[in-house]
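Morning, everyone. I have one structure to walk through today. Please have a look at it before I start.

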Amino acid sequence: MLTKVADNIYRKVVPLPNNPLREINSYIITGSKNLLIDTGFNRPECEEALMSAFTELGIVNTDLFITHLHSDHCGLVPKFATKSSTIFASETDGELINFEVGNLYWRMLDDLFIKYGFPKAAFGRNTDIHPGRKYCHDARVDFTYVAEGDVLKYGDYEFEVVLTPGHTPGHACLYDAKKKILFCGDHILGTITPNICIELGVENPLKDYLDSLAKIEKLDVQLLLTAHGTPIEDMYGRIKELQKHHEERLEEVMQVLGNQWKTSYMVARDMTWEIDCKDWDDFPQPQKWFATGEAISHLQYLFFTGKIAREENNGIYYYKK
């Protein structure tokens, strides 16, 4: 379904088959030149849905803005970029997006999770079945990197780039101060909380995320356009909810941790999760991965604030109050 959300701004709901997220909102800004914000996975269902929006709007060529490195946001960039397209991303996530094309990124990410306590896979590498790898883009992208404060002009809009690291190291939003519109990618979501996970080159992603929430809270926003779910009516109320959520999660992690040395995987196993599974053993492997990533981010936050201890034993991190 193609929905007009503002003058010359359209939302296309793109399906994400067999994925808990179910859908992603891609946005298209039309004018003398067009801009596509995020794409969906590199799979035919996503490509067909997005192409139908282009057909309906009569679009042939477009520039692209990618909010962050996850494959549900950048998987189709090579399919929708033409020779005349400018493809924008932050330098941090743009470099990681191109790193994802090969095998090394996924080997290093698997090794990083193992260092934080995730068990080695019995079938090869954990990232072999990672949805982000299965539906990743298949070619390197010639990005035009944007930095904080850069302005992109499309239609009657002047969108300022606002960097919001946390969900990914180089997550970026677009903000029009006059129109009070913010494209926030996965930085703020209404029906779920954004996954805050460890990533290559990052040690304290939750601190980055909370700092970015505080940064966005200072903006004057009337229309918040998220990458998943329905639009959020009260951005400021939702930010308060997200901040409270992580405060409660930090308290829960402290309780689960106790006075025994535990890995992130062990902590994740005993945390509460909103998933339709009877117990931890019933979790699909990718969901164990994302849950462990969340546990890591909260444990690292507590470690860097001096509330818990961390030690390395046989190449694996353990934590204790």
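Let's begin inside, with a pair of strands. Strand 5, residues 63-65, pairs with strand 6 in the parallel sense, over two bridges. One contact point to find on your screen: Phe65 stands opposite Phe88 of strand 6. Keep in mind that this is a predicted model.

Now the other partner. Strand 6 also pairs with strand 7, residues 144-146. Again the sense is parallel, this time over three bridges. Here Ser90 has Val146 of strand 7 as its bridge partner.

So which way do the side chains of strand 6, residues 87-90, point? Ile87 and Ala89 go one way. Phe88 and Ser90 go the other way. That fits the usual pattern: in a regular strand, side chains alternate between the two faces of the sheet. And are they buried or exposed? All four of these residues, Ile87, Phe88, Ala89 and Ser90, are buried.

Next, two loops. A general reminder: most residues other than glycine have a negative phi. Two asparagines here have a positive one.

Take Asn8. Its phi is positive, about 65 degrees, and it is not a glycine. Asn8 sits in the loop between strand 1, residues 2-6, and strand 2, residues 9-15. How accessible is Asn8? Its relative accessible area is 29%, so it counts as partly exposed.

Then Asn18. Its phi is positive too, near 60 degrees. Asn18 lies in the loop between strand 2 and strand 3, residues 23-29. Asn18 has 78% relative accessibility, so it counts as exposed; the cut-off is over 50%.

Now step back to the whole chain. How many helices and strands are there? The protein chain has 10 helices and 14 strands. Its radius of gyration is 20 Å, close to the 20 Å from the globule rule for 321 residues, so the chain is as compact as a globular protein of that length. Along the principal axes, the C-alpha trace spans about 60 × 40 × 35 Å.

Burial next. Of the 321 residues, 54% count as buried. Contacts also reach across the sequence. Among those between residues at least 6 apart, 64% join residues at least 24 apart.

Last, the surface and the charges. The chain exposes about 14,300 Å², and carbon and sulfur atoms supply 47% of that. There are 34 positive and 47 negative side chains. The centres of those two sets lie 2 Å apart.

That's my tour. Over to you.

Definitions and conventions
Residues numbered from 1 in each chain as written. Predicted model: local features only at pLDDT ≥ 70, side-chain atom pairs only at ≥ 80, totals over all residues. Heavy atoms only, no water. Buried < 20%, exposed > 50% of the residue type's maximum accessible area, 1.4 Å probe, protein only. Helix = DSSP H or I, 4+ residues; strand = E, 2+ residues; numbered from the N terminus. Pairing = 2+ DSSP bridges. Rg over C-alpha atoms; globule rule 2.2 N^0.38 Å. Contact = heavy atoms within 4.5 Å. Areas by Shrake-Rupley, 256 points an atom, 1.4 Å probe, with all protein chains shown as cover. Lys, Arg positive; Asp, Glu negative; His and termini not counted. Charge placed at Lys NZ, Arg CZ, Asp CG, Glu CD.
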